[in-house]
Amino acid sequence: MTTPRKIIIDTDPGQDDAVAILLALASPEEIEVIGITAVAGNVPLPLTHKNARIICELAGKTDIPVYAGCDRPLAHDLVTAEHVHGKTGLDGPNLPDPQMQLTDGHAVDYIIDTLRHEPSGTITLCPIGPLTNIATAFQKAPDIIEKVQEIILMGGAYFEVGNITPAAEFNIYVDPEAADIVFKSGVPIVVMPLDVTHKVLVTKQRNDAFRNIGTPVGIAVAKMTEFFERFDKEKYGSEGAPLHDPCVTAYLIKPDLFKGRHVNVEIETNSDLTRGMTVADWWDVTDRPANALFIGDVDADGFFALLTERLARL
Ligand SMILES: [Ca+2]
């Protein structure tokens, strides 16, 4: 038996963040969630750190430290996505306010202190929101960069292009300057772009499978994905909501479900038209060195089988 990967989940919950966190908390053989850091994104920071605690309580894991991080992007005003996630960020189920307190200290300092104190190459960062907290930590303490084992993130797009603007995916668009710092950091990066997340759709049958688990977690996930879905159905006419962020935690458990290419990814920070675009050299037409494993494909049935089986453990 292998030891579980130690991860910090950096998040802006978000229904799909919630599912990503639940999947990680349900998988202690593969994943040890040592902390959760909240960032402003889908909804403002006071809601994202509250939602992170609601999810820990739903999972019965009230001993996970949850830290509040940056409340705005590095260089621009915050853009949120209540049009997708609802006013609370977790619209759908009726979940109680958390009893869990926030852990004292800033998320950025927690990330820095943890990387300084743990052995080099043993901590994986899993950002599933805008990259503000991670970039701020790298700026404040460049010595931690070489200690990060890997960054596995949800963000960006190549073939699917944009979901918040014609050119940009939401997480990267909200804080492109932060994304630029992270992609230039030299840390090994795995990217879950829209190209793959738009292939894991919660169809009616998959939603029923969550509900049929019959537990509070199963029912809450069914209701969250149903809420999320109405937006995607209206917008894309797809068969169901894409489960963006859980791709990150599923990859930690079963990387074989995913396929991608090692490519160069640069972030557009200057253009008004394409700000936040992830320019991925998918066809290898430049000399720019590969800096990320850019995922493009997934075994969607395998993904949902894993997710349903794990959620039933909580
Ligand atoms: Ca998210």
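**Exercise 1. How do H1 and H11 pack?**

Work out the angle and the axis distance between H1 and helix H11 in this predicted model, then say how the two helices are oriented.

*Solution.*
Step 1: get the geometry. The axes of H1 and H11 (residues 246–253) run 7 Å apart, at an angle of about 20°.
Step 2: classify the angle. Anything under 35 degrees counts as roughly parallel, so H1 is roughly parallel to H11.
Step 3: add the hand. H1 and H11 cross in a left-handed way.
Step 4: list who touches whom. On the H1 side you have Asp 16, Val 19, Ala 20, Leu 23 and Ala 24, and they meet Pro 246, Thr 249, Ala 250 and Ile 253 of H11.
Step 5: sort those residues by character. The contact of H1 with H11 comes out as seven nonpolar, one polar and one charged.
Step 6: look at the spacing. An α-helix has 3.6 residues a turn, so residues three or four places apart point the same way.

**Exercise 2. Is H11 covered or not covered?**

Find how many residues of H11 are buried, and name them.

*Solution.*
Step 1: apply the cut-off, which is under 20% relative accessible area for a buried residue.
Step 2: count. Eight of the eight residues in H11 are buried, so the helix is mostly covered.
Step 3: name them. The buried set in H11 is Pro 246, Cys 247, Val 248, Thr 249, Ala 250, Tyr 251, Leu 252 and Ile 253.

**Exercise 3. A second helix pair**

Do the packing analysis for H4 and H5.

*Solution.*
Step 1: the geometry. Helix H4 (residues 107–117) packs on helix H5 (residues 132–140) with axes 9 Å apart and an angle of about 60°.
Step 2: the class. That angle makes H4 oblique to H5.
Step 3: the hand. The H4 and H5 crossing is right-handed.
Step 4: the residues. H4 brings Ala 107, Val 108, Asp 109, Ile 111 and Ile 112, while H5 brings Asn 133, Ile 134, Thr 136, Ala 137 and Lys 140.
Step 5: the character. In the contact of H4 with H5 there are six nonpolar, two polar and two charged residues.

**Exercise 4. Salt bridges across the sequence**

Search the whole structure for salt bridges, then work out which parts the Arg 310 and Glu 30 pair ties together.

*Solution.*
Step 1: the total. The search turns up 16 salt bridges.
Step 2: the pair. Arg 310 and Glu 30 form one, with their closest N and O atoms 2.9 Å apart.
Step 3: the locations. Arg 310 sits in helix H12 (residues 300–311) and Glu 30 in the loop between helix H1 (15–25) and strand S2 (31–38), so the bridge ties together parts 280 residues apart in sequence.
Step 4: the exposure. Arg 310 is buried at 7% relative accessible area, whereas Glu 30, at 22%, counts as partly exposed.
Step 5: the wider picture. Both belong to a salt-bridge network that links Glu 29, Glu 30, Glu 309, Arg 310 and Arg 313.

**Exercise 5. Two more bridges**

Describe the salt bridges of Glu 177 with Arg 275 and of Lys 184 with Asp 180.

*Solution.*
Step 1: Glu 177 and Arg 275 meet at 3.4 Å, N to O.
Step 2: Glu 177 lies in helix H7 (residues 176–183) and Arg 275 in the loop between strand S10 (265–267) and strand S11 (278–280), so this pair ties together parts 98 residues apart in sequence.
Step 3: Arg 275 is buried, at 13% relative accessibility.
Step 4: Lys 184 and Asp 180 meet at 3.1 Å, N to O.
Step 5: Lys 184 is exposed at 58% relative accessibility, but Asp 180 is buried at 16%.

Terms used
Residues are numbered from 1 along each chain as its sequence is written. This is a predicted model: local features need pLDDT of at least 70, side-chain atom pairs count only at pLDDT 80 or more; totals for chains, interfaces and linings use all residues. Side-chain values use heavy atoms; hydrogens and water are left out. A salt bridge is a side-chain nitrogen of Lys or Arg within 4 Å of a carboxyl oxygen of Asp or Glu. Helices (H or I, at least four residues) and strands (E, at least two) are DSSP runs, numbered from the N terminus. Buried means under 20% relative accessible area, exposed over 50%, partly exposed in between (1.4 Å probe, protein chains only). Axes are lines fitted to C-alpha atoms, for helices over the stretch in contact, and angles run from 0 to 180 degrees between N-to-C directions. Angles under 35 degrees count as roughly parallel, over 145 as roughly antiparallel, 65 to 115 as roughly perpendicular and the rest as oblique. A crossing is left-handed if the near helix is turned anticlockwise from the far one by less than a right angle, and right-handed if clockwise. Contact means heavy atoms within 4.5 Å. Ala, Val, Leu, Ile, Met, Phe, Trp, Tyr, Cys and Pro count as nonpolar, Asp, Glu, Lys and Arg as charged, and the others, Gly among them, as polar.
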